[in-house]
Amino acid sequence: MKRTAHDIILKPIITEESMMGTAFGKYTFKVAKDANKAEIKAAVEEVFGVKVTKVNTLNCKGHLRRYGRYEGYTPSWKKAIVTLAEDQSIDFFDGLL
């Protein structure tokens, strides 16, 4: 079964640091762990209708959490930092600044 673009892009990451990157055309998303850069590029271009020039990915390790004497790790996840072409922007993020 083929994955859709919404199966690859899970949600945008809206933090102070990631929002500062929007001034330089960089947008941050939480993506599927098994997605590669080509799939992420195609998904962003399909969903938002923009031209992507570069995709950087990071595998984020889960953090150790404790509850009393029990401890475990939060799930690991993957982050993608997508750089858009010079004249492109994603309007979804513009209203948040």
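Modeller: A helix here is a DSSP run of H or I with at least four residues, a strand is a run of E with at least two, and both are numbered from the N terminus. The model is predicted. Under that naming, α2 gives the most to the lining of the largest pocket, with 4 residues.

Biologist: What makes a residue part of the lining of the largest pocket?

Modeller: An atom within 4 Å of a pocket point makes it a lining residue. Ile13, Thr15, Glu17, Ser18, Met20, Gly21, Lys26, Thr28, Lys79 and Ile81 qualify. The pocket volume is about 180 Å³.

Biologist: Which elements each supply at least two residues of that lining?

Modeller: α2 (16-21), β2 (26-31) and β6 (77-84) do.

Biologist: How do you know how many residues of the lining are nonpolar, polar and charged?

Modeller: Each residue type has a fixed class. Ile and Met count as nonpolar, Glu and Lys as charged, and Gly falls among the polar ones. The lining comes to 3 nonpolar, 4 polar and 3 charged residues.

Biologist: Why is Ile81 called partly exposed?

Modeller: Its relative accessibility is 24%. Buried needs under 20% and exposed needs over 50%, so Ile81 falls in between. Ile81 is in strand β6 and also lines the largest pocket. Its C-alpha is 5.1 Å from that of Asn56, with their positions 25 residues apart along the chain.

Biologist: Why does Ala80 count as buried or exposed?

Modeller: The relative accessible area of Ala80 is 0%. The limit is under 20%, so Ala80 is buried. Ala80 also belongs to strand β6. From Ala80 to Ile13 the C-alpha distance is 9.4 Å, at 67 residues apart in sequence.

Biologist: How do you know that Lys78 has no salt bridge?

Modeller: A salt bridge needs a side-chain nitrogen of Lys or Arg within 4 Å of a carboxyl oxygen of Asp or Glu. For Lys78, the nearest side chain of opposite charge is Asp34, 7.4 Å away. That is outside the limit, so the pair fails the test. Lys78 is buried all the same, and it lies in strand β6.

Biologist: What makes the approach of Lys78 to Ala35 a polar contact?

Modeller: A polar atom of the Lys78 side chain lies 2.7 Å from the backbone oxygen of Ala35. The cut-off is 3.5 Å, so the distance passes.

Biologist: Why is the pair of Arg3 and Asp34 called a salt bridge?

Modeller: The N to O distance is 2.7 Å. The rule asks for within 4 Å, so the pair qualifies. Arg3 sits in the segment before α1 (5-8), and Asp34 in the loop between β2 and α3 (37-48), 31 residues apart.

Biologist: What makes Arg3 and Glu39 a salt bridge too?

Modeller: Their closest N and O atoms are 2.9 Å apart. Within 4 Å is enough, so this pair also counts. This pair links the segment before α1 with helix α3, across 36 residues. Arg3, Asp34 and Glu39 join into one network through shared partners. The total count is 2 salt bridges.

Biologist: Why do Arg3, Asp34 and Glu39 get the exposure labels they have?

Modeller: Arg3 has a relative accessible area of 29%, so it is partly exposed. Glu39 has 30%, so it too is partly exposed. Asp34 reaches 60%, which is over 50%, so Asp34 is exposed.

Biologist: What makes Ile40 buried?

Modeller: Its relative accessible area is 1%. Under 20% is the test, so Ile40 passes. Ile40 is in helix α3. Its C-alpha lies 13 Å from that of Pro12, 28 residues apart in sequence.

Biologist: Why is Leu58 called partly exposed?

Modeller: Leu58 has a relative accessible area of 36%, between 20% and 50%, so the label fits. Leu58 is in strand β3 (residues 52-60). The C-alpha atoms of Leu58 and Ala43 are 17 Å apart, with a sequence separation of 15 residues.

Biologist: How many helices and strands does the chain have, and in what pattern?

Modeller: There are 4 helices and 6 strands. Along the sequence they read α-β-α-β-α-β-β-β-β-α. The C-alpha atoms fill a box of roughly 55 × 35 × 20 Å along the principal axes. Of the 97 residues, 32% count as buried.

Conventions. Residues are numbered from 1 along each chain as its sequence is written. This is a predicted model: local features need pLDDT of at least 70, side-chain atom pairs count only at pLDDT 80 or more; totals for chains, interfaces and linings use all residues. Side-chain values use heavy atoms; hydrogens and water are left out. On a 1 Å grid over the protein atoms alone, a cavity is a set of points where a 1.4 Å probe fits but cannot get out, and a pocket is an open set with protein on both sides within 12 Å along at least five of seven lines; lining residues have an atom within 4 Å of a point. Grid points are joined across faces, edges and corners, and a volume is the space filled by probe spheres set on the points. Buried means under 20% relative accessible area, exposed over 50%, partly exposed in between (1.4 Å probe, protein chains only). Lys and Arg count as positive and Asp and Glu as negative; His and the chain ends are not counted. A polar contact is a pair of N or O atoms within 3.5 Å; within protein, one must be able to donate a hydrogen and the other to accept it, and residues adjacent in sequence count only if both atoms are side-chain atoms.
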